[in-house]
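Here's a quick walk through some side-chain contacts and surface features. Have the structure open and follow along.

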Amino acid sequence: MIFVNLPVTDIDAAKAFYAGLGFEQNLQFSDETTASFMVAENIVAMVMTREKFTGFLPAGATTGDPAQQVSVMNALSAESRVECDELLAKAVAHGGRQFNEPVDHGFMYGTSFTDPSGNVWEAAWMDPSALEG
């Protein structure tokens, strides 16, 4: 399994955003400082208040602000170009913003967006026949 741990500035906005993307919240691992979302069968996004996130860091380490500096881009595989566009539309409708213009290489297509705190996500589709050749 992969657990993507993300610092957020507003836990309620983050909960609304990730639920709006269609990710199911696991209430067993959620509280007023943390929300756990099933992104895929083996991928969990753990969104945490900045204070909670910092509690997992060694003494002296600080939490960066994803709205100011990009340090990671999380990419999700999509089934189609349409799914990429739909995920972007959901992100924008639920408090996120478009991060970059869609990228279209013909055989590969992708969109990107941020959550309300600035954490970057991508949705990418690749033509299966391109993988065969």
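Let's start on the outside, with E83. This is a predicted model, and in it E83 comes out as partly exposed, with a relative accessible area of 31%. You'll find E83 in helix α3, which covers residues 81-93. E83 also has company: together with E79, D85 and E86 it makes up a negative surface patch. Patch members need over 30% relative accessible area and no salt bridge, and E83 at 31% clears that area cut-off.

Now for a different kind of surface. V70, M73 and F99 form a nonpolar patch, with about 260 Å² of accessible area together. M73 sits in strand β5 (residues 73-77) and is partly exposed, at 45% relative accessible area.

How many salt bridges does a search of the whole structure find? Just one. The partners are D104 and R81, whose side chains meet at 3.0 Å, N to O. D104 belongs to strand β6 (residues 97-104) and R81 to helix α3, so this pair ties together parts that are 23 residues apart in sequence. As general background, side chains of opposite charge can pair when their charged atoms come close. Neither end is hidden away: D104 is partly exposed at 48% relative accessible area, and R81 is partly exposed too, at 28%.

Here are the partly exposed residues we've met so far, with their values.

| Residue | Relative accessible area |
|---|---|
| E83 | 31% |
| M73 | 45% |
| D104 | 48% |
| R81 | 28% |

On to the aromatics. The structure holds five aromatic pairs. One of them joins F17 and Y18: the ring centres are 4.9 Å apart and the planes stand at 85°, so the pair is edge-to-face. Are these two residues buried or exposed? Both F17 and Y18 are buried.

F17 pairs with F113 as well, this time in a tilted arrangement, with 6.4 Å centre to centre and 55° between the planes. Since F17 lies in helix α1 (residues 11-20) and F113 in strand β7 (residues 108-114), the pair ties together parts that are 96 residues apart in sequence. F113 is buried, as is F17.

Which residues form one aromatic cluster with F17? Y18, F23, F37, F113 and W121 do. So if you want a single residue to centre your view on, F17 is a handy pick, because it takes part in the edge-to-face pair with Y18 and in the tilted pair with F113.

Technical notes. Residues are numbered from 1 along each chain as its sequence is written. This is a predicted model: local features need pLDDT of at least 70, side-chain atom pairs count only at pLDDT 80 or more; totals for chains, interfaces and linings use all residues. Side-chain values use heavy atoms; hydrogens and water are left out. Patches are made of residues with over 30% relative accessible area and no salt bridge: like charges are joined within 9 Å, nonpolar side chains (Val, Leu, Ile, Met, Phe, Trp, Tyr) within 5 Å. Accessible areas come from the Shrake-Rupley method with a 1.4 Å probe; for residues, only the protein chains shown count as cover. A salt bridge is a side-chain nitrogen of Lys or Arg within 4 Å of a carboxyl oxygen of Asp or Glu. Lys and Arg count as positive and Asp and Glu as negative; His and the chain ends are not counted. The place of a charge is taken as NZ of Lys, CZ of Arg, CG of Asp or CD of Glu. Helices (H or I, at least four residues) and strands (E, at least two) are DSSP runs, numbered from the N terminus. Buried means under 20% relative accessible area, exposed over 50%, partly exposed in between (1.4 Å probe, protein chains only). Rings of Phe, Tyr and Trp (its six-membered ring) pair if their centres lie within 6.5 Å; planes under 30 degrees apart count as stacked, over 60 as edge-to-face and the rest as tilted.
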